[in-house]
Amino acid sequence: MKKNRETIRSAMDRRLSFLDDLPSCRAGVLEQIAREEVPVMKKKVSVGMVFAMVLVLLSVAALAAGILLSRGADAARVADKALEEKYGVTQEMLTYFYREEKEQSDGAVRVTYTGKDDLEYVLGTYTADVRDGRAEVVWSHDGEDTAGGYEAEAWGKEQLKEMLAWNATKGNMDAFRPQAVAIAEKHNAAWKQQISTDEEKKAYFEQLEKEKTAALEARKIPEEEMKVAAREAVIRTYELSSEQAALLELYVQPLAVEKNAWYRMYEGKPCFEVQYFLDQDPEHPETHPDKDGTYAALVNVETGVIEKLVYESGLGGEG
Amino acid sequence: MERDQRREWLEEAIARWEKPILHLCFAYLGDTALAEDAVQETFLKAWRHYDRFRGEAGDKTWLMRIAMNTCKDQLKSAWFRNTDRSVTPDLLPEGSVPFEEQDDTVTRAVMSLPPKLREVTLLRWYQGLSLEEMVQVMRVPRSTVNYRLKKAKTMLQGSLEEWYDEEE
């Protein structure tokens, strides 16, 4: 076993030696510490402050009791169920899709599920129009033959089931990604990354940074309040049991150095992102109990409305 | 703990552990900028919670635990934004120290493991932590650590010629 350790350690030390040329973090750490050490006047807790604290606690409880889902988030909940009922595409299978919600001029909300990246062509796009709490779903591959496993050119629930099973045991997409790419190329529909050049990446991250700062500056609701609201929304929307709810683990980084780290603009609305993780059997990573995964919510920092909710089973992808 | 002593400890910790932690974070995250952020945040957290955690474990174990938790948080924040922050060993820069093809193969094989298996591999076989230290870092039972190590070893067998399968 010592041989293994030496092999890995020495090989990785040599291969990652470029990291040794990077500047030390020492100056940045000390600068941040100096900022945090600015003395703060100690104050006695006044009656007014107690009153204010009680008000904050009451508002948290009130928000938690009456969770407000945006029209998009509510429609997505309805569409998810309709998708499973009509096509057998479960929440876990959505790990292979991007989901978007758009309000339409006729009052409906259109929810689209597009296969991720290389899987875009074979998985196609499911489109759900949600009106008055009801969803009508269609698939871009409706009418096509899905029989024949990965040889088929349209992949439905049978392939998705196989993909999940492979991913769960192997941790990669080797069994199906090459076929998906080949089929897409055959139809001149190969997936291309939208942001590919260094200039595009730079512009994208600069824009993202601006939006994060703008969202933070727009905040009117305390972060703690938004975390509570997000948790309640996750529990109700995904119908978690009390046992599952008790195991939800908050993934917001409370000690983030960047104050805007968890802020972003979504559809032009300033939002705070909250993530909860559910792992019901941590001693057995090979298992995946129902509803395990990551739940994320975008909370509008001005209104407290839950703008978007996403469940990611974490079963797809390359690990 | 006096402020000066805490400051002295921090300076020593950065000098001693910054590079190993940077290597660990990079191998886990696959992104230089994210890894640098994770290292800085690791030392800031250590500074802030020095009194609370000091003595619970050795410096190295404690810092590795903070670093791994920080890395996991960073990875989990990426998928929601639909940004590609998956580990991409193909983009590894050239090192300042000459390396052989086998070094490259080993590094890519480790970095391509699923996160939980990558974590145990890095802590055990790259950073040299003992099983007890890994239990402290990962906060999971020893049986879980053993299980993941075994699974990681199995997955690496196909990629690494120098892989030996003796038990601990």
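Biologist: How many residues does helix α9 of chain A have, and what distance does the helix reach from its first C-alpha to its last?
Modeller: In this predicted model, helix α9 of chain A covers residues 223-237. The span expected at 1.5 Å a residue is 21 Å, and the helix comes close to that value. Helix α9 of chain A therefore has 15 residues, and since the expected span is 1.5 Å times one less than the number of residues, the value to compare with it is the reach from first C-alpha to last, 21 Å.

Biologist: Which residue follows α9(A) with a positive phi?
Modeller: Within the helix, A:E225, A:M226, A:A230 and A:V234 are among the buried residues. After the helix comes a residue whose phi is positive, near 50°, and this residue is A:E239.

Biologist: In what order do the four strands of the open sheet in chain A stand?
Modeller: The pairing in this sheet is antiparallel. β1 (97-103) and β4 (134-139) of chain A each have a single partner strand, so one side of each is left without a neighbour in the sheet, and these two stand at the edges. Neighbouring strands are turned against each other by 20° on average, direction ignored. The order is β1-β2-β3-β4.

Biologist: Which helix of chain A packs on the sheet?
Modeller: The helix in question touches β1, β2, β3 and β4 of chain A. Its direction makes about 55° with that of β4(A), and it covers residues 71-87, which identifies it as helix α4.

Biologist: What is the bridge partner of A:T112 in β3(A)?
Modeller: Strand β2 (residues 109-115) and strand β3 (residues 125-131) of chain A pair in the antiparallel sense over six bridges. At one place along this pairing A:V109 stands opposite A:V130. For A:T112, the partner in β3(A) is A:T127.

Biologist: Which side chains of β3(A) point to the face where they are buried?
Modeller: The side chains alternate along this strand, and A:T125, A:T127, A:D129 and A:R131 point to one face and are not buried. Those that point to the other face and are buried are A:Y126, A:A128 and A:V130.

Biologist: Which residue in the turn between β3(A) and β4(A) has a positive phi?
Modeller: The two strands run antiparallel and are joined by six bridges, one of which pairs A:R131 with A:R134 in β4(A). They form a hairpin with two residues between them, and the turn residue with a positive phi, of about 50°, is A:D132.

Biologist: How many of the residues of strand β9 of chain A are buried?
Modeller: Strand β9 (residues 306-312) is joined by six bridges to strand β8 (residues 293-300) of chain A, and the two run antiparallel. The bridge partner of A:A297 in β9(A) is A:L309, and in the five residues between the strands A:G304 takes a positive phi near 80°. Strand β9 is largely enclosed by the rest of the structure, because the number of its seven residues that are buried is six.

Biologist: At what angle do the axes of α6 and α8 of chain B cross?
Modeller: Chain B has eight helices and zero strands, and 43% of its 168 residues count as buried. Helix α6 (residues 115-126) and helix α8 (residues 142-157) of chain B have axes that come within 9 Å. The contact involves residues including B:L117 and B:V120 of α6(B) and B:L149 and B:A152 of α8(B). The two helices are therefore roughly perpendicular to each other, with a crossing angle of roughly 95°.

Biologist: Over which residues of chain B does pLDDT stay under 50?
Modeller: Chain B averages a pLDDT of 80, and 80% of the residues score at least 70. Where pLDDT is low, the predicted coordinates should not be read in detail. The stretch in chain B with pLDDT under 50 has 15 contacts beyond four places in sequence, and it covers residues 79-87.

Biologist: How many contacts does the stretch of residues 40-45 of chain A have beyond near neighbours in sequence?
Modeller: The mean pLDDT of chain A is 82, and 81% of its residues reach 70 or more. Over residues 40-45 of chain A, however, the pLDDT is below 50. Residues 252-257 of chain A are also below 50, and that stretch has 14 contacts beyond near neighbours in sequence. For residues 40-45 of chain A, the number of such contacts in the model is one.

Key: Residues are numbered from 1 along each chain as its sequence is written. Chains are lettered from A and ligands numbered from 1 in the order in which they are written. A residue is buried if 20 or more other C-beta atoms lie within 10 Å of its own, exposed if 12 or fewer, and partly exposed in between; C-beta atoms are placed from the backbone. Two strands pair if DSSP finds at least two bridges between them. pLDDT is the predictor's confidence in each residue, from 0 to 100. Two residues are in contact if their C-beta atoms, placed from the backbone, lie within 7 Å. Axes are lines fitted to C-alpha atoms, for helices over the stretch in contact, and angles run from 0 to 180 degrees between N-to-C directions. Angles under 35 degrees count as roughly parallel, over 145 as roughly antiparallel, 65 to 115 as roughly perpendicular and the rest as oblique.
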